Amino acid sequence: MNKRVKRLLRPFVYGTLSPKTVQSLRFQWWYLTSYVPRMLSSGVRTPRVRYFGTTVVPSLNHLQSLNLLAPTKTCRVMTRFGSDKAWNGYTPVYSALFGDRCDQPLRILELGLGTNNEDVLSNMGVFGAPGASLRGWRQLFPQAHVYGADIDRGILFEEDRIKTFHCDQLDAASIRELWSRPELRDGADIIIEDGLHTLEANISFLEGSLGHLRPGGIYVTEDIGADCFDEWFDRLEKTYSKQYPKYEFAFVTLSERGYNNMLVVRRAAD
Ligand SMILES: C[S@@+](CC[C@H](N)C(=O)[O-])C[C@H]1O[C@@H](n2cnc3c(N)ncnc32)[C@H](O)[C@@H]1O
């Protein structure tokens, strides 16, 4: 549905409800139609995972047997704050990746705050909740410091254990500036890229950030479209696995023809 049609239909769908009410209704709808049925059923669905690169002890092997239908705390927390990570099917993957590290004092960076400015590319719509996933990470990792970055300066904010910065992921100098901030100078343990979602933007942020991943850390690129699989597989096989011998790459396919696919990278612990 194009932008103008959405704008015209909005008053009929949501009336004069506030963004908070809309988020709460969305959460209840998701809980009843997706989370509860998954709790009650014993359905199993596993992702297709392709591995690249070698580390002495492969640590991402468990991803191929994880159950994408499992209802997790990460699903609940992210959806409650207004993030779309559970709707897109990523939260069981995050749960499998981070579950045993939740109590550690990690440094987490997510690119893409979730602007509600419809003039910015890759926005979350007018009822979006900027900073939703950052607040979700803060709750899931009670000892962590959570950092965020976005091209939209209008949604940057600072709260307890959360700080955000401007960054344009298409601009290498802007990415360097982000990593030169005192809070991020020593790198991050978890880096999540949920920004513009074009191949060029994914590559630009990955290449500018992989060197800042701390030993044992995890980097994730979200929302990779099926139309980019070949290009990614080629780069992972011929370039990145050779350029980064201490990194392990897992390409996780959740939708064979859609956009809900992710690249997971783990740097070996020193
Ligand atoms: C899908 S939203 C992120 C959603 C959020 N992470 C969540 O889970 O709630 C994508 C974000 O990427 C940002 N973005 C778009 N282009 C960008 C760019 N060139 N550099 C950095 N961020 C960009 C948008 O402003 C938007 O806030």
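This tour proceeds through a predicted model, from the ligand to the sheet and then to three helix pairs.

**The ligand and its shell**

Begin by selecting the ligand together with the 27 residues around it. Ser83, Gly112, Gly114, Thr115 and Ser133 come nearest to the ligand. Colouring the shell by residue class gives 11 nonpolar, 9 polar and 7 charged residues. Next, display strand E2 (107–111) and helix H5 (132–140), since each of these elements supplies at least two residues of the shell.

**The sheet**

From strand E2, extend the selection to the whole sheet, in which 9 strands are arranged as E1-E8-E9-E7-E6-E2-E3-E5-E4. The sheet is open, and its pairing is mixed. Which strands stand at the edges? They are strand E1 (48–52) and strand E4 (158–159). Each of these two has a single partner strand, so one side of each is left without a neighbour in the sheet. As a general point, strands of a sheet pair through backbone hydrogen bonds, either parallel or antiparallel.

For a parallel example, select strand E3 (residues 145–150) and strand E5 (residues 162–166), which are joined by 5 bridges. One residue pair to label here is Val146 with its bridge partner in E5, Ile162.

**Helices H3 and H4**

Move now to helix H3 (residues 73–81) and helix H4 (residues 91–98), whose axes come within 8 Å and cross at roughly 125 degrees. Angles over 145 degrees count as roughly antiparallel and those of 65 to 115 degrees as roughly perpendicular, so H3 is oblique to H4. The crossing of these two helices is right-handed. Show the side chains of Thr74, Cys75 and Met78 on H3, and those of Thr91, Tyr94 and Ser95 on H4, as these residues make the contact. The contact residues comprise 3 nonpolar, 3 polar and no charged.

**Helices H2 and H3**

Keep H3 on screen and add helix H2 (residues 19–40). The axes of H2 and H3 lie 9 Å apart, and the two helices pack at an angle of about 150 degrees. H2 and H3 are therefore roughly antiparallel to each other. On the H2 side, the contact is made by Phe27, Trp30 and Tyr35; on the H3 side, by Cys75, Arg76, Thr79 and Arg80. By class, there are 4 nonpolar, 1 polar and 2 charged residues in this contact. Cys75 of H3 deserves a label, as Cys75 takes part in the contact with H4 and in the contact with H2.

**Helices H6 and H7**

Finally, select helix H6 (residues 172–179) and helix H7 (residues 199–209). Their axes come within 10 Å and cross at roughly 40 degrees, which makes H6 oblique to H7. This crossing is right-handed. Ala172, Ile175 and Arg176 of H6 meet Ser204, Phe205, Gly208 and Ser209 of H7 in the contact. Coloured by class, the residues of this contact divide into 3 nonpolar, 3 polar and 1 charged.

Conventions
Residues are numbered from 1 along each chain as its sequence is written. This is a predicted model: local features need pLDDT of at least 70, side-chain atom pairs count only at pLDDT 80 or more; totals for chains, interfaces and linings use all residues. A residue is near a molecule or strand if its C-beta atom, placed from the backbone, lies within 6 Å of it. Helices (H or I, at least four residues) and strands (E, at least two) are DSSP runs, numbered from the N terminus. Ala, Val, Leu, Ile, Met, Phe, Trp, Tyr, Cys and Pro count as nonpolar, Asp, Glu, Lys and Arg as charged, and the others, Gly among them, as polar. Two strands pair if DSSP finds at least two bridges between them. Axes are lines fitted to C-alpha atoms, for helices over the stretch in contact, and angles run from 0 to 180 degrees between N-to-C directions. Angles under 35 degrees count as roughly parallel, over 145 as roughly antiparallel, 65 to 115 as roughly perpendicular and the rest as oblique. A crossing is left-handed if the near helix is turned anticlockwise from the far one by less than a right angle, and right-handed if clockwise. Two residues are in contact if their C-beta atoms, placed from the backbone, lie within 7 Å.
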